[in-house]
Amino acid sequence: MDESAKTLRRKRRVKRLKVMIISTFFILVTVPIALCIWLGCRLHVTQNQLDEMTAQYEGQLKLTAQLQSEIDAYADYVPVIDETKQDDLPDTSADSKDMHMHKVYLTFDDGPSANTAKILDILDEYGVKATFFVTGEEADTNPERYQDIVNRGHSIGIHSYSHVYRDIYRSKEDFVRDYQKLRDYIEETTGMAPTIYRFPGGSSNTVSKTDMDELCEYLQSQGVTYYDWNVSSGDATNPALPTKMIVNNCVSSIGNRDTTIILLHDSGSKTSTVEALPEIIEQILAMDDTQILPIGEGTEVIQHRS
Ligand SMILES: [Zn+2]
C-alpha cells in the first residue's frame, strides 16, 4: 500500500511538473509571437499614415513657396491708371462681377466609410455638392457607399485602390494596375466612369519611386484629369486638430482666390471633419460672391506640378 501511495504521489508530482513546463512554454513562446504579429500590424498602419502625412506636408511646403513667389511677383507689378481716361472705359461691372466669383470645391479623400454617410447628410442639408476621391477599401463590403455618392449628385474620383504608397508608386505598371482596378469597379458599381484622379499624397509627393511626370502623362492618355488642392484643412493630423482650427484652415484664404480646392478626408477615423463641416459650409455660404461646387468639366485645374 505504502509503495502504491508513493507511486501515486510521484505521478501527481510529474503531472504538475508537466503542466508547469507547458504553461511556461506557452507564456515564453506564444505570447511574444502574438505580440510581434500585433506590433508588426501596427507598424505597417503607422508607416502608411506617416508616408501620407509626410507627402502632404511636403506638398504644402511647396505650395506655400509657390504662393509666396506669386505674391512677390504681384508686389512688383503696380498698374498705372490714367484717371483722365476713366470715363472712356467700357462698363464691365457685370463681367468683372462674374470674374470675381469665388468657386470653392470641397474634396474628400480616403473614403468611403461610415463617415461618408454623415457627410452626405450634412451636404444635403445645405444643398451643397462636393467631390469624393475614393479608395477601394470598402469595395467588397459596402458598394452602396460608392453608389450613394453618385446617386446624390456628387462627383466621384479615383484616389487609388489600395492607397499603399509603396505598392502604387513602385512602378508605372503597378500604378496602372491599381488605377484600372478601381476605375473598373467604380464604373461597374455606380454606372459612372470617373474622369478625375487625386494622387495619394498629391502629385508633389516625394515618396514615389516612379517619375510622377510619367504617371501624369498616363492619366492624360486615359482622358483623366488629376486634381491637387490649394487649401489643406489639416484634418489628416494625428492627433486630430481642434474643430475650430480645421474650420479656420478651410475658410481663411478663400477670399483671395478665384478657385479654392479644399483637401478634407472622409475615412472612418476622421470624426473631427464631420464635426467641422457644418461650420465650414455656413462660413463659405455667408461669403460674398462665393459658391460651393463639385469638380466637373470646366473646373480650373489645380496641380502642384504645373
Ligand atoms: Zn489619401
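**Close-up views of a predicted model**

**View A. Ser155 and its surroundings.** Ser155 counts as buried, because its relative accessibility of 14% falls under the 20% limit for that class. The model shown in this and the following views is predicted. Ser155 belongs to strand 3, which covers residues 155–158. With residues up to four places away in sequence set aside, Ser155 touches Ala130, Thr131 and Phe132, as well as Ile149 and Ile196. Pro294 and Ile295 complete this list of residues touched by Ser155.

**View B. The protein chain as a whole, for orientation.** The fold of the protein chain contains 9 helices and 8 strands. Of the 306 residues in the protein chain, 41% are buried. Among contacts in the protein chain with a separation of 6 or more, 80% join residues that stand 24 or more positions apart. The protein chain has an accessible surface of about 17800 Å², and carbon and sulfur atoms account for 56% of that surface.

**View C. Thr259 in strand 7 and its polar contact with Glu300.** Strand 7 spans residues 259–265 and includes Thr259. Thr259 is buried, because its relative accessible area is 9% and the class requires a value under 20%. A polar contact of 2.6 Å links the side chain of Thr259 to the side chain of Glu300. Glu300 is also one of the residues that Thr259 touches when those up to four places away in sequence are not counted; the others are Lys103, Tyr105, Asn230 and Ile302.

**View D. Packing of helix 6 against helix 7.** Helix 6 comprises residues 172–190, and helix 7 comprises residues 212–221. Two packed helices are described by the angle between their axes and by the distance between the axes. Here the axes of helix 6 and helix 7 come within 10 Å and cross at roughly 40 degrees. The crossing of these two helices is right-handed. On the side of helix 6, the residues in contact are Lys172, Phe175, Val176, Tyr179 and Gln180; they meet Glu214, Leu215, Tyr218 and Leu219 of helix 7. Classified by residue type, the contact of helix 6 with helix 7 consists of 6 nonpolar, 1 polar and 2 charged residues.

**View E. Arg177 of helix 6.** Arg177 lies in helix 6. This residue is exposed, because its relative accessible area of 53% is over the 50% limit for that class. Arg177 and Ser160 are 17 residues apart along the chain, and their C-alpha atoms are separated by 9.8 Å.

**View F. Thr190 of helix 6 and its contacts.** Thr190 also has its place in helix 6. Its relative accessibility is 16%, so Thr190 counts as buried under the 20% limit. The side chain of Thr190 has a polar atom 2.7 Å from the backbone oxygen of Ile186, and the side chain of Thr190 reaches the backbone nitrogen of Met192 at 3.1 Å. Apart from neighbours within four places in sequence, Thr190 is in contact with Tyr146, Gln147 and Val150. Gln147 is 43 residues from Thr190 along the chain, with a separation of 5.0 Å between the two C-alpha atoms.

**View G. The cis peptide bonds that precede Pro112 and Pro239.** The peptide bond from Gly111 to Pro112 is cis, and its omega is near 0 degrees. Pro112 is placed in the loop that connects strand 1 (102–109) with helix 3 (114–126). The peptide bond from Asn238 to Pro239 is likewise cis, with omega near 5 degrees. Pro239 is placed in the loop between strand 6 (231–232) and helix 8 (243–251).

**View H. His163 and Asp289, non-glycine residues with positive phi.** His163 is not a glycine, yet its phi is positive at about 60 degrees. The loop between strand 3 and helix 5 (165–168) holds His163. His163 counts as buried, because its relative accessibility of 10% is under 20%. Asp289, which is not a glycine either, has a positive phi of about 50 degrees. Asp289 occurs in the loop between helix 9 (271–285) and strand 8 (290–292). The relative accessibility of Asp289 is 33%, so Asp289 counts as partly exposed.

How values were computed:
Residues are numbered from 1 along each chain as its sequence is written. This is a predicted model: local features need pLDDT of at least 70, side-chain atom pairs count only at pLDDT 80 or more; totals for chains, interfaces and linings use all residues. Side-chain values use heavy atoms; hydrogens and water are left out. Helices (H or I, at least four residues) and strands (E, at least two) are DSSP runs, numbered from the N terminus. Buried means under 20% relative accessible area, exposed over 50%, partly exposed in between (1.4 Å probe, protein chains only). Contact means heavy atoms within 4.5 Å. Accessible areas come from the Shrake-Rupley method with a 1.4 Å probe; for residues, only the protein chains shown count as cover. A polar contact is a pair of N or O atoms within 3.5 Å; within protein, one must be able to donate a hydrogen and the other to accept it, and residues adjacent in sequence count only if both atoms are side-chain atoms. Axes are lines fitted to C-alpha atoms, for helices over the stretch in contact, and angles run from 0 to 180 degrees between N-to-C directions. A crossing is left-handed if the near helix is turned anticlockwise from the far one by less than a right angle, and right-handed if clockwise. Ala, Val, Leu, Ile, Met, Phe, Trp, Tyr, Cys and Pro count as nonpolar, Asp, Glu, Lys and Arg as charged, and the others, Gly among them, as polar.
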